Amino acid sequence: YSDLLKTIIRSLVQETFRKGLTVVHRFVVKCNICGTEYQTEVSSCDVCGSDSFRKPNEYEGRWLKKWVDDVNFNDQNLLDVLQDIDYDLNIFDNAYLAVVKKYAFDDDGNVIGAEVVEVLRANPEFIMLVMDSSGRPARTDDGRVVVFCLEHRDKYDVVAPEKVGEVRCQTCNKKLYPAYFQMRKWKDGRLINYTNGEILHLKKFTHGLGYGLSPIFSVWMKIMTLMKQDWFILTAYHLERPPKALLILRGNPEEIEKSWRKLMEEAKTNPHIIFPLVVSGADNTTRISEFVDLSFTAKDI
């Protein structure tokens, strides 16, 4: 609700991604024998002594640039998704980058490959970390491991650590994997499980394990003060309609009673009238009237 806070957050995000994204080579040459990567041209490998090297695959570079321009079914590019992530970091200090994958399984139900289908921003309001009180992921406080099937994510089981590699899905007999995250569906409240590598949890202002803490908590008093000032100005101009001024008349009230009643009747229909206030003046005063300005501006506030 704070326009000032929203402006600050938007400026932070815009400056962070002002230069956009650039795809660069991961290495200049790479050893074909041991896989050591070098950022400059070399004649022989420092690790294995081989002189067999390869350069980056230009096809992979072109494929990556094309993929970066369209990373999900919402027609978002990677920069759009990362900007959404940065907004979550500056607001919640909890951001979740979701990677939707299509898995390939062998005959025993083990994962032998995966293809990235989408990269999305996961809403931090619906994502929960699966961890015990000491911060160990996929664990319960009694030391057991939370596991689930990659094909049936709305079901999970809790097993002993030594049985993680043995348990199988009762529906499809595929291997179960540890659950690092759970997403609560807003329609029916079901929990959808995700393992490590499917969701990346990011924090910017908070260190250590677990959830981040919103940086807005550190400035909430200043934000509320500004919001209350805005609300005061709104009600002053819109609802309360304070008098612009007072006209103080000194003299005998009976002598100006007729004028008093006339002014009060007019004040009922015109809220912007200058309200008269009749007081008994001292005999030694030389002023019979006084004007007191009650109006204010936003600058005065």
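The legends below describe close-up views of a predicted model.

**View 1. Lys204 and Asp86 form a salt bridge between distant parts of the chain.** The closest approach given for the two side chains is 4.0 Å, N to O. Lys204 belongs to the loop between β12 (199-202) and α4 (220-240), whereas Asp86 is part of helix α3 (residues 78-91). The two partners are 118 residues apart. Lys204 is partly exposed, because its relative accessibility is 38%. Asp86 has a relative accessible area of 6% and is therefore buried. This pair belongs to a structure in which a search of the whole finds ten salt bridges.

**View 2. Asp132 and Arg136 meet through their side chains in a salt bridge.** The N to O distance in this pair is 2.9 Å. Asp132 is classed as buried, since its relative accessibility is 7%. Arg136, in contrast, is partly exposed, with a relative accessibility of 40%.

**View 3. Arg153 and Glu198 are joined by a salt bridge.** The closest N and O atoms of the two residues are 2.6 Å apart. Arg153 sits in the loop between β7 (145-149) and β8 (156-159), and Glu198 sits in the loop between β11 (191-194) and β12, so the salt bridge ties together parts that are 45 residues apart in sequence. Arg153 counts as buried at 17% relative accessibility, the limit for that class being under 20%. Glu198 is likewise buried, with a relative accessible area of 2%. Elsewhere, salt bridges with shared partners connect Arg26, Lys30 and Glu37 in one network.

**View 4. Phe181, in strand β10 (residues 181-184), is shown with its contacts.** Phe181 is buried, as its relative accessibility is 7%. Leaving aside residues up to four places away in sequence, Phe181 touches residues that include Tyr96, Ile127, Met128, Leu129 and Val130. Also among the residues in contact with Phe181 are Ile192, Asn193, Tyr194, Thr195, Ile199 and His201. Between Phe181 and Glu198, the C-alpha to C-alpha distance is 8.9 Å, and the separation in sequence is 17 residues.

**View 5. Helix α1 (residues 3-16) has its buried residues along one face.** The helix contains 14 residues, and at 1.5 Å a residue its expected span is 20 Å; the end C-alpha atoms are 20 Å apart, so the two values agree. Leu5, Ile9 and Val13 are the buried residues of α1. Viewed down the helix axis, the buried residues fall within an arc of 65°, and therefore they line one face of α1. Asp3 and Glu15 are exposed residues on the face turned away from the buried side.

**View 6. Strands β8, β7 and β9 form an open antiparallel sheet.** The order of the three strands is β8-β7-β9. Strands β8 and β9 (176-178) are the edges, each pairing on one side only. With direction ignored, neighbouring strands of this sheet are turned by 40° against each other on average. The antiparallel pairing of β7 with β8 extends over four bridges. Val145 stands opposite Val159, which belongs to β8.

**View 7. Strands β2, β1 and β3 form an open sheet with antiparallel pairing.** This sheet has three strands in the order β2-β1-β3. Its edge strands are β2 (37-38) and β3 (53-54), and each of them pairs on one side only. Strand β1 (residues 29-31) pairs with β3 in the antiparallel sense through two bridges. Lys30 has Arg54, in β3, as its bridge partner. Lys30 is also a member of the salt-bridge network that includes Arg26 and Glu37.

**View 8. Strand β4 (residues 95-105) pairs with both β12 and β5.** With β12, the antiparallel pairing of β4 involves four bridges. Leu97 has Leu200, in β12, as its bridge partner. With strand β5 (residues 111-122), β4 is joined by ten bridges, and these two strands also run antiparallel. The bridge partner of Ala98 in β5 is Leu120. Strands β4 and β5 make a hairpin with five residues between the strands, and Gly109 in this hairpin takes a positive phi near 85°.

Key
Residues numbered from 1 in each chain as written. Predicted model: local features only at pLDDT ≥ 70, side-chain atom pairs only at ≥ 80, totals over all residues. Heavy atoms only, no water. Buried < 20%, exposed > 50% of the residue type's maximum accessible area, 1.4 Å probe, protein only. Contact = heavy atoms within 4.5 Å. Expected span 1.5 Å × (residues − 1). Arc of directions from axis to C-beta. Pairing = 2+ DSSP bridges. Axes fitted to C-alpha atoms, helices over the stretch in contact; angles between N-to-C directions.
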